[in-house]
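Visitor: I would like to go through this model one question at a time. Please keep the answers plain.

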There are 2 protein chains.
Amino acid sequence: MKVAVDAMGSDYAPEEIVLGAIQAASEYQCEIVLVGDEIQIKKVLDKAGQWKHLNISVQHASETIEMHEHPGAAARKKKDASIVVATRLVKEGLCDAVVSAGSTGAAVAAALFGLGRIPGVERPTIATPIPNLTGTTILLDSGANVDCKPKHLVQSAIMGSIYAQYILDIKTPRVGLLNIGEEETKGNEQALATYPLLKQLQTINFIGNVEGRDIPKGTVDVVVCDGFVGNVVLKLGEGLSSAIMQLIKESIKSSGILTKMASLMVLPALKGLKRKLDYAEYGGAPLLGVNGCFIICHGSSKAKAIKNAIRVATEFTQNNVVEHISENIAQEGVVTNAGDE
Amino acid sequence: MKVAVDAMGSDYAPEEIVLGAIQAASEYQCEIVLVGDEIQIKKVLDKAGQWKHLNISVQHASETIEMHEHPGAAARKKKDASIVVATRLVKEGLCDAVVSAGSTGAAVAAALFGLGRIPGVERPTIATPIPNLTGTTILLDSGANVDCKPKHLVQSAIMGSIYAQYILDIKTPRVGLLNIGEEETKGNEQALATYPLLKQLQTINFIGNVEGRDIPKGTVDVVVCDGFVGNVVLKLGEGLSSAIMQLIKESIKSSGILTKMASLMVLPALKGLKRKLDYAEYGGAPLLGVNGCFIICHGSSKAKAIKNAIRVATEFTQNNVVEHISENIAQEGVVTNAGDE
């Protein structure tokens, strides 16, 4: 098991990426190839120490794709960009998976050009795990495709269900269509056209429409929507969680109860809550539908998030998620091509 | 100032509606006409007592529109439905505003048929106030129109800005387009086509694209999106807030610190937080773009929410919001008709 980790291009690169890789290599007994500027990476490795006995190597890449660049054009042009080189290692069979915290657009483009798509999948989709009251909900698409046709949502549903099954260990994941009401007759044109297609699927447990409030409640395991809605949901969830944490702190302070005693009593509870809401605990989000394992991390990922993303990459690979997606997409061929001539 | 209040059709009707009306009539010195089943309404009034010195009267209406009915068809057919009768009172000049907690679809249909639209407004839009870290954000559309053209979002932006100005007392409201990134080049087809139109407007302070996380942060006063996205945002916000409150309680309990003392210290803070997140505090959501004041309340509104909605109705009317919308829509005519032949 060998994971290519893009060490460049994110907010805390290469420091936090390299530290996360060291933690993962020691915890998960996997082999890691750090891809990026060799001098910078080695500097961090040497500073951290304790890595020479681990299975970590460095693959030099002289370029990075910056946030302001057009991701597609940059991924084609910059053949020595760290994300492109990392993807090539998988394409050539030298690694089993890619982990990157660089620009999402660049990651999607590099994955598409480098690995290609699973036959029958038109649009790869980002499947983001988000915490809920009882566990984790997979939200997809969370930003790869902002304009979707119904068949793309159908393909997402099939892929998300497999991911929940093999990575979250849910036997029969409940798959819901994100909508404005529970009834089949509710929704915009896209949702109305998608619902009957999802109902026809044989390989998923479609539970019908779900609403925004069902996500935190945890009454659904896989939530399907287009990448525009998914991205809004994801960012609202992050923003609201941290706003509420801030309100709690202010609220306790302004009640005049921030005596040493009260804070000693309440702070452990708040810390537990924060951990529960912490996206870093959940590792990265896989790009489903490309022909290989590609895990995308938040641009502000620190070592813990990178470590967890590498863990997800190993589970993804060991559980043959790509093969399972490929089989189920083929089996549902008629529905996943809906709307084609 | 006379408000027609639909006393039927919601989860706690007529009890909570009537109680809210009594509170409003005594606090705001406005006149209230309760519309619905006279016998049921009078029973609640008599049980509550203390109302005969207030300016409250009852207008009998023999029908209600149920949640399962097609709202448009029902609003046309049931001429004696409480929501239809309440709207007619405004149309005929006998009342100044309508407040209803019945089905949103029925409310929109009754308002459209009964009051008509402000010239130049193609689609009325629901403007929902939501709490943020520093105050209130107006989200629109939050569910009236799930499939929008760019010009509809433009009309929403103009109307939402006026509402924030006259009801939230914000001199120059910051208006943002809900999107997946800040850059003008980000977004789905709808957002990409809407951005340049919003930039042309003279009567609003367009601050560009905003993301999901900007809503709870409070860095924007008016957030514009279609009714599908708005509805998802609204319900996710409600669900996530109550899920986090539940997590906090469980978290404190499981830390074993729920001694009498700790709970005495922490609970007031939690109550303050809950009040801050409580949608009932903010009153109803106005349906902007119809030719009159029409306030829609949450279907599970209790007395306090109804009272606050009546307050909003009086402020809306006294501040001539309909006239201001009408003027600004006319002034921006070229942009609000974008896409028409």
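Guide: Two strands pair if DSSP finds at least two bridges between them. The model is a predicted one.

Visitor: How many bridges join β6(A) to strand β7 of chain A, and in which direction do the strands run?
Guide: Strand β7 covers residues 136–140 of chain A. One of the pairings sets Pro131(A) opposite Thr136(A) in β7(A). The strands β6(A) and β7(A) run antiparallel, and the bridges that join them number four.

Visitor: Which strands are at the edges of the sheet that has the order β6-β7-β10-β8-β9 in chain A?
Guide: This sheet is open, with five strands and mixed pairing. An edge strand here pairs on one side only. The two that do so in chain A are β6 (128–131) and β9.

Visitor: By how much are neighbouring strands of this sheet turned against each other on average?
Guide: Direction is ignored for this value. The average turn between neighbouring strands is 30°.

Visitor: What angle does the direction of α7(A) make with that of β9(A)?
Guide: Two helices can be placed on this sheet. α6(A) touches β7, β8 (174–178) and β10 (222–224) of chain A, and its direction makes about 165° with that of β10(A). α7(A) packs on the sheet against β8 and β9 of chain A, and its angle with β9(A) is about 160°.

Visitor: Which strands are at the edges of the open sheet of seven strands in chain A?
Guide: The strand order is β3-β2-β1-β4-β12-β11-β5 in chain A, with mixed pairing. The strands that pair on one side only are β3 (56–60) and β5 (125–126) of chain A.

Visitor: Which residue is the bridge partner of Lys2(A) in β2(A)?
Guide: Strand β1 (residues 2–6) and strand β2 (residues 31–36) of chain A run parallel and are joined by five bridges. In β2(A), the partner of Lys2(A) is Glu31(A).

Visitor: Which strands does helix α2 of chain A touch?
Guide: Helix α2 spans residues 38–48 of chain A and packs on the sheet. Its direction makes about 160° with that of β3(A). The strands touched are β2 and β3 of chain A.

Visitor: What is the angle between the planes of Tyr195(A) and Phe206(A)?
Guide: The structure holds four aromatic pairs over all chains. One of them is formed by Tyr195(A) and Phe206(A), at 5.2 Å centre to centre. It links helix α7 (residues 189–200) to strand β9 (residues 205–210) of chain A, with the two positions eleven residues apart in numbering. Planes over 60 degrees apart count as edge-to-face, and this edge-to-face pair has 75°.

Visitor: Why are α1(B) and α11(B) described as oblique to each other?
Guide: Helix α1 (residues 15–28) and helix α11 (residues 303–318) of chain B have axes 7 Å apart. Angles under 35 degrees count as roughly parallel and 65 to 115 as roughly perpendicular. The pair is therefore oblique, as the packing angle is about 45°.

Visitor: How many charged residues does the contact of α1(B) with α11(B) have?
Guide: The residues in contact include Glu16(B) and Glu27(B) of α1(B), and Lys304(B), Lys307(B) and Arg311(B) of α11(B). By class, the contact has eight nonpolar and three polar residues, and the charged ones number five.

Visitor: How many charged residues are in the contact of α6(B) with α12(B)?
Guide: α6(B) and helix α12 (residues 321–331) of chain B pack at about 140°, with axes 10 Å apart. Among the residues that make the contact are Ile158(B) and Ile162(B) of α6(B), and Ile325(B) and Ile329(B) of α12(B). The contact divides into seven nonpolar, three polar and no charged.

Visitor: Is the peptide bond from Ala13(B) to Pro14(B) cis or trans?
Guide: Pro14(B) is found in the loop between β1 (2–6) and α1 of chain B. Omega of the bond from Ala13(B) is near -10°. The bond is cis.

Visitor: Where is Asp141(B) found?
Guide: The peptide bond from Leu140(B) to Asp141(B) is cis, with omega near 5°. Asp141(B) is in the loop between β7 (136–140) and α6 of chain B.

Terms used
Residues are numbered from 1 along each chain as its sequence is written. Chains are lettered from A and ligands numbered from 1 in the order in which they are written. This is a predicted model: local features need pLDDT of at least 70, side-chain atom pairs count only at pLDDT 80 or more; totals for chains, interfaces and linings use all residues. Side-chain values use heavy atoms; hydrogens and water are left out. Contact means heavy atoms within 4.5 Å. Axes are lines fitted to C-alpha atoms, for helices over the stretch in contact, and angles run from 0 to 180 degrees between N-to-C directions. Angles under 35 degrees count as roughly parallel, over 145 as roughly antiparallel, 65 to 115 as roughly perpendicular and the rest as oblique. Ala, Val, Leu, Ile, Met, Phe, Trp, Tyr, Cys and Pro count as nonpolar, Asp, Glu, Lys and Arg as charged, and the others, Gly among them, as polar. Rings of Phe, Tyr and Trp (its six-membered ring) pair if their centres lie within 6.5 Å; planes under 30 degrees apart count as stacked, over 60 as edge-to-face and the rest as tilted.
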